[in-house]
Amino acid sequence: MKEFVFIKNKDLIPLPDEIEIWETDKDIEVLISNDKKQKSSIYAPEINFYLRNSQDDALEKAKNILKLYQIRNHIYDFGLDFKENKSIQKRIILIDLEEELADFLKKNDFKVIALKNEEVKGIFGTIGELCAIISDEIEIDFDILIFNHQCLRKDFSRQSGCYDMQNFKNKEALLEFLNSIIPNYTYKNYFSYDLNICQYHSRRSEHCAKCVEICPTTAILKDDENKNLIFSQIDCLECGSCISICPSGSLDSTNLPRNSFFEICNFFKKNKILLISEKIPLENLNLELPKNTLPLIIKDGWLTPMHFLALLQSSGANIVFFTQTLSQGNHEAIELLNTFFERKFNKKAIFIANEKLNTHLKQQEFIENLYFEFHNNTLTTRENFSKRMQKLIQNDDFGSLKSGNWIRYGKIEINTQACTLCLSCVGACNIGALIADHKENALKFNASLCTTCGYCEMNCAEKDTLKLTRSGMEFNPNFFEYQTMAKDELFACIECGKEFATKKAVQKIAELMKPKFKDQNKIKTLYCCAECKAKIMIKSMSNL
């Protein structure tokens, strides 16, 4: 397969040898093309857009055109959004639509049932396996639902396989669409999941499931009894909202997973970034694209604060984000970064551009001391963001910002008099915000990693000892470093001298158990390691 193909147009300039130039489109499958008429795995409209609008000189344009091809190629090679297929039959239910449409579909070999909106008590399932509940005794299995826009219901909008007739120009357009998905319906896996750092998975009580709350479909549901998430990739709209607000980073994009994203960042070193939603049509968009500005087409909605900050620091300039919609997670991420940048640099981090795109492109600039080359695939999303923020904050203090509804930060307080360093809280924290420092016999906490789930507070063995406050992010160095919350000396076994527990833990257990033990040997065991404890008990029993 040919990889990089450019179909000639009036903006053509001499291009690198890696790009094959064709006079016109051909009936040959290629990997990446600048022309939608060419049969290709990837149509890249940003190539013509950049070539037509950029103020770069011809040499720079040639280099950057190759970059745009390479970026698309990298995303394709490292993407994990594999295609899946599902068999679909021609069983259709129409809701509040004309008999003429039903007759038309029947003539084209569809099995059609026409119903009134009030007759349908509920819809569940996925495309190809839908079920309509008509009454307590009647259920109808079918494949696709077509409904009148005026009877839009939540159970229609959330299920895959339910389509609003208003989205089709006429019945012929509907038929063309149906024939395109029957008998083989193709979909992709749009997100990946790491259950090891999920704040909901297998916990004794619910502390998260924010992804379920924000999902507009049934792509993510929760099993409250077992505390497991249930995924249905076929129902996913690829809006990315779940990824953008996942507190621990357990959800990631399969189209552009974190390790692949970091590689993409490297292409924009010392170039300004025009971030463009793939939903924006670029074919007829004409503007003045300033020098050293490159477009990056993304499936918007899924970007987290870490992704935005990585692009900012890889570029060294603020970003223009050209989109018509903004997910709730994206909104809070941009608010967080803009707040910090305005305090540190007296500049915006990210301009949200729609009607004022030209204005914002002129405002875009390189920012002194912003560039930072740092990508670490072994760190979590929050750890990466923390390291990047540390670089910007240095030893300064830029105040704080309260947590939003989705992107949350906070702190914990420890009653050091009551804490026995049992480390139950450390065991409860699966993202490393709370750790045990065995060298210092200390409990340490990094607020920048904490998702404020509260599981540590619930698992604390001591009453009124650990308190979590969802206060927000503090822009000072201490917030992004491990701080000692409690510390104690180790207790040495009174028999062998081996250190085996903290003094507070031994003393507390002794205070509780001594009144119940009348035998002096038993009392003695309270101050012994496990090995010596067993020896004393055996010796005591042999003397009976």
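**Figure 1. Burial across the chain.** In this predicted model, 53% of the 544 residues of the chain count as buried. The accessible surface of the chain adds up to about 26,900 Å², and carbon and sulfur atoms account for 47% of that area.

**Figure 2. Secondary structure and overall extent.** Follow the backbone here and you will meet 17 helices and 30 strands. Taken along the principal axes, the box filled by the C-alpha atoms is roughly 100 × 70 × 40 Å. Contacts reach along the sequence too: among those between residues at least 6 apart, 66% join residues at least 24 apart.

**Figure 3. Charges of the chain.** The chain carries 70 positive and 74 negative charges. If you place a marker at the mean position of each set, the two markers sit 6 Å apart.

**Figure 4. Cys215 and its cysteine neighbour.** Searching the whole structure for disulfides gives a count of zero. Cys215 is accordingly in no disulfide, and the nearest cysteine sulfur, which belongs to Cys239, is 6.4 Å away. Cys215 is also buried, its relative accessible area being 11%.

**Figure 5. Cys246 and Cys211.** For Cys246, the closest cysteine sulfur is that of Cys211, at 6.6 Å. That is too far for a bond, because a disulfide needs the two cysteine sulfur atoms within 2.5 Å. With a relative accessibility of 14%, Cys246 counts as buried, because the cut-off for buried is under 20%.

Conventions. Residues numbered from 1 in each chain as written. Predicted model: local features only at pLDDT ≥ 70, side-chain atom pairs only at ≥ 80, totals over all residues. Heavy atoms only, no water. Buried < 20%, exposed > 50% of the residue type's maximum accessible area, 1.4 Å probe, protein only. Helix = DSSP H or I, 4+ residues; strand = E, 2+ residues; numbered from the N terminus. Contact = heavy atoms within 4.5 Å. Areas by Shrake-Rupley, 256 points an atom, 1.4 Å probe, with all protein chains shown as cover. Lys, Arg positive; Asp, Glu negative; His and termini not counted. Charge placed at Lys NZ, Arg CZ, Asp CG, Glu CD.
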